[in-house]
Amino acid sequence: MAAARDAASACSADSFQLRHLHLALSAHFGSAGSGHLQGCVRLELTCLRDRASEVVLDSHPSVKVEGAGLAPPGSRCGEGQGPQPGALRPLAFQSRPFASYGSALHVTLPEPLTCGDTVVLEIAYRAGSGPGVCWLTPEQTAGKQKPYMYTQGQAVLNRSFFPCFDTPAVKSTYSALIKVPEGFTAVMSAVTREKQKDNTFYFKMPLPIPSYLVALVVGDIVSAEVGPRSHVWAEPCLIEAAKKEYDGVIEEFLSTGEKLFGPYVWERYDVLFMPPSFPFGGMENPCITFVTPCLLAGDRSLADVIIHEISHSWFGNLVTNAHWGEFWLNEGFTMYAQRRITKEIYGAAYTCLEAATGRALLRQHMDNTGEDHPLNKLRVKIEPGVDPEDTYNETPYEKGYCFVSYLAHLVGDQKKFDAFLQAYVNQFKFQSITADEALEFYLNYFPELKKKGVDTIPGFEFDRWLNTPGWPPYLPDLSPGEELMKPAENLAELWASPDCDMQAIRAVDISTWKTFQVVYFLDKILAKSPLPDGNIEKMSAMYSKISKARNAELRLRWCQILLKNNHEAEFGKVKDFLHSQGKQKYTLPIYRGMVSGSEAAQALAVETFSATAPQLHVNVQNYVKKILGAKS
């Protein structure tokens, strides 16, 4: 019944259980970054209440429904079968407005159903221009030769990919038949993938997942094996780099996760390197994580970024938030799991350093919004009509991490809390839950804590954690990170002082520092910028590891430092970085830095944007226009 409380969905999840979903689609590329999907979706439904007379699905104005019908009783959708249009009993349907991000498709049944009745509903449709289906021009890809198409379902975008029960409260198995043009390959978030004749691919996901995790890519892509249950996928021009970066790496992350949280149930764990215009860091689609090609640093220094996405295999994909107002259940637990895996592999000092950079992001976010902003609660009330997308911020990640850390702190024994996390996953796997259910399970699992009333300790009440905006009441101890933070802080001090002590600076060897330690150092340098005259030049010459880095996290910060110090001699590096990728998290801060910089920096912003706009995701284009417009 959790679905009934999802204000972001119009679907009739309270009246019908979705047992299986089947897509039969063909992909067609149009001109200049357009295209469409044509075909049908079949839904196997079981009625949950008497006198149900219609099925309501989440849809989108960009989805053109061409027909609806009931398949004959006992007919199965799935097993490699395409739609059989002749056998359908036509049904009346009507699309009605629902919210800015979608519509409601009402399908009238021929006669009211009784609880327990099963029906197979088929919707014929055409889609492609909606926000969940992205069509890239060849210029927006790495190879620059062929167009590319991908879907992005989270949070409520898959209703523009296919009419569905678009709420995380509903999970089902799915299968798909996808026909693609000659010379293209289809990949989906499914366990089984078979190439059939006529450029058609068959997919099967036998484990139940929510609609937002159904994902499709059609492009010129190839794969390479990097582990016993892992492949990397990428455009042909990137596949060697992807294989080199991830060969033998992923299995250690997976097996550490299994030791901590229980079996990895999704059979394969593949990584798909998206085209450079992909605006996100990663999307945890089951069996195949979509990631930015920025992770191909050339030296494996960002490989651990996918530990976050791997952690979603237990927290988010297996145990899922029942609605988007409880997003912290997906992300807070995943941040905790990510840092548990990191601690096992890289040790406490490195993990605390990484967590400190996360805490700084939370501080920055809360300073920007004001601590008492309603989005700075863990449990966000998403009012009808509010797009869950607009509630996205650092709070569910980092404040969520602090709350899970607080729950571990109350237990006081890491092994016992690890055992609880395994029990939690086992209890709620393949389900969607609310915070109340999670916390009730926690208190029942630790009866001695329940007896002590740990949920109502003044100042740390569970209710306060969930429902009061603001800074986390409890912060985990990050002091083990000091051994890595202190040297970075001291070195930044030396560079910032007017009488630059080069002897003391040369005595510090940063060649052994891991990425996050260098990042921490550069963040301190950026905060102290502009530095005394000539220091940036000296720094650039001394640390080629930084000034000539291929690592995107280092390039971002070096570009910001160059701009803040107006070091025009290296502005070419800023331009090169913006030409090489379109990730939102990297692109926007650099444009902000250019716009608030010197005239030369502002001119560079305008020039670079006019050259790179066509290769950026449309949302990122609009954000950059806003940044540039604020200046003009």
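Helices (H or I, at least four residues) and strands (E, at least two) are DSSP runs, numbered from the N terminus. The model is predicted: local features need pLDDT of at least 70, side-chain atom pairs count only at pLDDT 80 or more, and totals for chains, interfaces and linings use all residues. Residues are numbered from 1 along each chain as its sequence is written, and side-chain values use heavy atoms, with hydrogens and water left out.

**Exercise 1.** Locate the residues that UniProt lists for "active site" and describe their surroundings.

Solution.
Step 1. The unreviewed UniProt entry lists E309 and Y397; such annotations may be inferred rather than shown by experiment, and positions are given in the numbering used here, with feature names shortened. They span 89 residues in sequence, yet no two of their C-alpha atoms are more than 12.9 Å apart, so they gather at one spot.
Step 2. E309 sits in helix α3 (residues 306–311), and Y397 in helix α6 (residues 395–411).
Step 3. Buried means under 20% relative accessible area, exposed over 50%, partly exposed in between (1.4 Å probe, protein chains only). E309 has 9% and is therefore buried; Y397, with 13%, is buried too.
Step 4. Contact means heavy atoms within 4.5 Å. Leaving aside neighbours within four places in sequence, E309 is in contact with Y269, G282, M283, E284 and T289. With the same exclusion, Y397 is in contact with H308, F327, E331, G332, M335 and Y392.
Step 5. The side chains of Y397 and Y392 are joined by a polar contact of 2.9 Å (a pair of N or O atoms within 3.5 Å; within protein, one must be able to donate a hydrogen and the other to accept it, and residues adjacent in sequence count only if both atoms are side-chain atoms).

**Exercise 2.** Is S9 buried or exposed, and which side chain makes a polar contact with the side chain of S9?

Solution.
Step 1. S9 belongs to the segment before β1 (16–29).
Step 2. Its relative accessibility is 12%, so S9 counts as buried.
Step 3. The partner is the side chain of D58, at 2.6 Å.
Step 4. Beyond neighbours within four places in sequence, the contacts of S9 include F98, R159, D166 and T167.

**Exercise 3.** Find the residues through which α17 and α19 meet.

Solution.
Step 1. The helices are α17 (residues 571–580) and α19 (residues 599–612).
Step 2. From α17, F571, V574, K575, L578 and H579 take part.
Step 3. In α19 they meet A600, A601, L604, E607, T608, A611 and T612.

Methods: Axes fitted to C-alpha atoms, helices over the stretch in contact; angles between N-to-C directions.
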